[in-house]
Amino acid sequence: MLYLFQEVVTLGYWLFMLAVSLLIPLTMIVFGRHFMHSPPKDINSFYGYRTSMSMKSRETWDFAHRYFGRLWFILGLILLPLSAAAMLFLLGESVKAIGNSSLIIMGVQLLFLIIPIFPTERALKKNFDQFGFRR
């Protein structure tokens, strides 16, 4: 009886960690698509892709959101099945193994959440001057 209870708890924990590990890729897909098709209307410091270069002009703001959104959308689509597949390998493992491995998966996801900033800034500098005017 105790063994069955432990199995149910482990399965429940695995399901919870599966859901949690899919949050980052799903967020990237949803916000990436949103930024591609409808960037925030006003340049603001609360919502959207906010860097000093992206906030120079309306044109840089829209360009940055379309570019960054496309990267996030594509990376989210790649990360979603990879994360789910990685979690499938943990099915039936101990709670400790599931927890530790999930942290590693989410750490890798966080890198892919941040990495698109660098090519976006490079693209902004390539297409716009320091004042936000298109080259």
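Select phenylalanine 112: the residue is partly exposed, with a relative accessible area of 31% (buried is under 20%, exposed over 50%, partly exposed in between; 1.4 Å probe, protein chains only). The model is predicted, with local features needing pLDDT of at least 70 and side-chain atom pairs counting only at pLDDT 80 or more, while totals for chains, interfaces and linings use all residues. Residues are numbered from 1 along each chain as its sequence is written, and side-chain values use heavy atoms, leaving out hydrogens and water.

Phenylalanine 112 sits in helix α4, residues 95-114 (helices are DSSP runs of H or I, at least four residues, numbered from the N terminus). Add Ile104, Val108, Leu111 and Ile115 to the selection: together with Phe112 they make up a nonpolar surface patch of about 440 Å² accessible area (members have over 30% relative accessible area and no salt bridge, nonpolar side chains being joined within 5 Å; areas are Shrake-Rupley with a 1.4 Å probe; a salt bridge is a side-chain nitrogen of Lys or Arg within 4 Å of a carboxyl oxygen of Asp or Glu).

Next, go to tryptophan 14 in helix α1, residues 2-21. Tryptophan 14 is buried, at 7% relative accessible area. Beyond four places in sequence, its contacts (heavy atoms within 4.5 Å) are Met87, Leu88, Leu90, Leu91 and Ile98. The C-alpha atoms of tryptophan 14 and leucine 88 are 9.2 Å apart, across 74 residues of sequence. Show the backbone oxygen of methionine 87 as well: the tryptophan 14 side chain reaches that atom at 2.7 Å.

Finish at threonine 120 in helix α5, residues 117-127. Threonine 120 is buried, with a relative accessible area of 0%. Outside its neighbours within four places in sequence, threonine 120 contacts Tyr49, Ala64, Tyr67, Phe68 and Leu71.

Definitions and conventions: Helix = DSSP H or I, 4+ residues; strand = E, 2+ residues; numbered from the N terminus. Polar contact = N/O pair within 3.5 Å; in protein donor to acceptor, adjacent residues only side chain to side chain. Patch = residues over 30% accessible without salt bridge, like charges linked within 9 Å, V, L, I, M, F, W, Y side chains within 5 Å.
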